[in-house]
Amino acid sequence: MGRSVASGDGGGVGVLVDLDDTLFDHTLTVRRAIGRTRHLVPEFAGVPLDRLARRYGELLNATHSRVLHGELTTAEARAVRWRRLVEEHGGRASARRAKVLATAYRRAYDALRRPVPGAATLVRRLAAVAPVAVVTNNNAYEPERKLRFLGIRDDVHTLVASAAVGVHKPDPRIFDLALARLGARADRSVMIGDSWEWDVVGALGAGVRPIWFNRFARPRPPGPDVAEVDDLRPARRIVELVRSPRARAPATRVITRRPVRGR
Ligand SMILES: [Mg+2]
């Protein structure tokens with residue numbers, strides 16, 4: 001699917017990239033959407049936006065895993081989060097109220113979407129040197145919409161959404177599948193993502209060299225030394241990391257060591 005932009009140098013190089021909070025600024029979009037929706041909930045009066053957004057993010061993480069395991073639909077999960085958020089602030093949310101809030105939030109989220117700065121330029125530059133797969137833990141349709149919003153759908157060789165393929169990061173099989181679609185070799189490819197648990201640990205488990213996009217300045221978990229960037233800009237720096245694995249000794253060591261998954 002999409003335009004096959006580059007087959008790289010023919011050496012089996014592939015670039016796997018995460019979507020949310022790597023290319024698409026999910027965290028900022030959530031914060032903006034909460035900011036727009038909060039006035040619908042009188043119980044939120046006086047609660048700082050940062051606190052609301054942080055709590056919503058926590059609820060999102062908790063329900064997201066239930067969505068990944070097929071226990072909730074995306075829409076159900078959204079309503080569950082809103083009911084919890086209202087209840088935690090002393091209110092009550094009937095099924096109907098939760099649904100109304102979830103729908104309003106959803107509209108705000110769509111209207112206030114933001115890319116991670118530098119994302120589109122980076123993907124275009126990467127696609128010029130190697131085929132790119134976006135690998136995301138999500139349903140099949142949401143990532144498509146986000147790629148189109150970002151204007152990079154045609155630069156991405158394949159989109160691998162966990163719900164569509166039946167496995168999710170950090171399961172190595174989702175990385176294997178992405179590599180197969182790209183015709184790429186694990187030991188020549190990279191995975192760029194913000195989640196240590198899903199993207200970095202997952203890539204290592206599949207024998208793929210990770211580049212950790214530590215955009216929120218999180219403390220580095222104990223374990224393997226992997227290449228780390230805190231900004232997608234300049235694209236040149238990351239393209240160089242992709243093209244010249246041996247320029248960064250620690251990352252190279254990680255590939256050959258193939259550390260165990262999980263912590
Ligand atoms: Mg992410």
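The buried residues of helix H8 in this predicted model pack against strands S1 (15–17), S2, S3 and S4 (190–193), together with helices H7 (162–165) and H9 (196–205). H8 itself spans residues 172–182, and its buried positions are Ile174, Phe175, Ala178, Leu179 and Leu182. Viewed along the helix axis, these buried residues of H8 lie within an arc of 140 degrees, so they line one face of the helix. The spacing is a familiar one: an α-helix has 3.6 residues a turn, so residues three or four places apart point the same way. After H8 comes Gly183, which has a positive phi near 65 degrees.

Strand S1, one of the elements packed against H8, contains Leu16. This residue gives a convenient view of the surroundings of the strand. Leu16 counts as buried because 31 C-beta neighbours lie inside 10 Å, where 20 or more are needed. Setting aside residues up to four places away in sequence, Leu16 touches Ala133, Val135, Phe175, Ala178, Ser189, Val190, Met191 and Val208. Phe175 and Ala178 in that list are among the buried residues of H8. Another buried residue of H8, Leu179, has its C-alpha atom 8.0 Å from that of Leu16, although 163 residues separate the two along the chain.

The chain as a whole can be described briefly. It has 11 helices and 6 strands, and 41% of its 263 residues count as buried. Among contacts in the protein chain with a separation of 6 or more, 67% are between residues 24 or more positions apart.

Helix H5 also has its buried residues packed against S1, and against S2, H6 and helix H10 (235–243) as well. In H5, the buried residues are Ala119, Leu122, Val123, Leu126 and Ala127. They fall within an arc of 125 degrees when seen down the axis of H5, so they line one face of that helix.

The contact between H5 and H6 can be followed from the other side too. Helix H6 covers residues 141–150 and has Pro143, Lys146, Leu147 and Leu150 as its buried residues. Down the axis of H6 these occupy an arc of 100 degrees, so they line one face of the helix. The cover over these buried residues includes helix H5 (119–127), strand S2 (132–136) and strand S3 (158–161). On the face of H6 turned away from the buried side, Tyr141 and Arg148 are exposed. Gly151 comes just after H6 and adopts a positive phi of about 75 degrees.

Attention now turns to the helices H1 to H4. The axes of H1 (residues 26–37) and H2 (residues 49–68) approach within 9 Å and cross at roughly 120 degrees. The two helices are therefore oblique to each other, and their crossing is right-handed. In this contact, Thr27, Val30, Arg31, Ile34 and Gly35 of H1 meet Leu49, Leu52, Ala53, Tyr56 and Gly57 of H2. By class, the residues comprise 6 nonpolar, 3 polar and 1 charged.

H1 also packs with helix H4 (residues 95–111), at an angle of about 130 degrees and with the axes 8 Å apart. This angle makes H1 oblique to H4, and the crossing is again right-handed. On the H1 side the contact is formed by Thr29, Ala33, Arg36 and Thr37, which meet Leu101, Ala104, Tyr105, Ala108 and Tyr109 in H4. The contact of H1 with H4 has 6 nonpolar, 2 polar and 1 charged residues.

H2, in turn, packs with helix H3 (residues 74–88) at an angle of about 145 degrees, the axes being 9 Å apart. The crossing of H2 and H3 is right-handed. Arg55, Tyr56, Leu59, Leu60, Thr63, Arg66 and Val67 in H2 meet Thr74, Ala77, Val80, Arg81, Arg84, Leu85 and Glu88 in H3. These residues divide into 7 nonpolar, 2 polar and 5 charged. Tyr56 of H2 takes part in the contact with H1 and in the contact with H3.

Methods:
Residues are numbered from 1 along each chain as its sequence is written. This is a predicted model: local features need pLDDT of at least 70, side-chain atom pairs count only at pLDDT 80 or more; totals for chains, interfaces and linings use all residues. Axes are lines fitted to C-alpha atoms, for helices over the stretch in contact, and angles run from 0 to 180 degrees between N-to-C directions. Helices (H or I, at least four residues) and strands (E, at least two) are DSSP runs, numbered from the N terminus. Angles under 35 degrees count as roughly parallel, over 145 as roughly antiparallel, 65 to 115 as roughly perpendicular and the rest as oblique. A crossing is left-handed if the near helix is turned anticlockwise from the far one by less than a right angle, and right-handed if clockwise. Two residues are in contact if their C-beta atoms, placed from the backbone, lie within 7 Å. Ala, Val, Leu, Ile, Met, Phe, Trp, Tyr, Cys and Pro count as nonpolar, Asp, Glu, Lys and Arg as charged, and the others, Gly among them, as polar. A residue is buried if 20 or more other C-beta atoms lie within 10 Å of its own, exposed if 12 or fewer, and partly exposed in between; C-beta atoms are placed from the backbone. The arc is that of the directions from the helix axis to the C-beta atoms.
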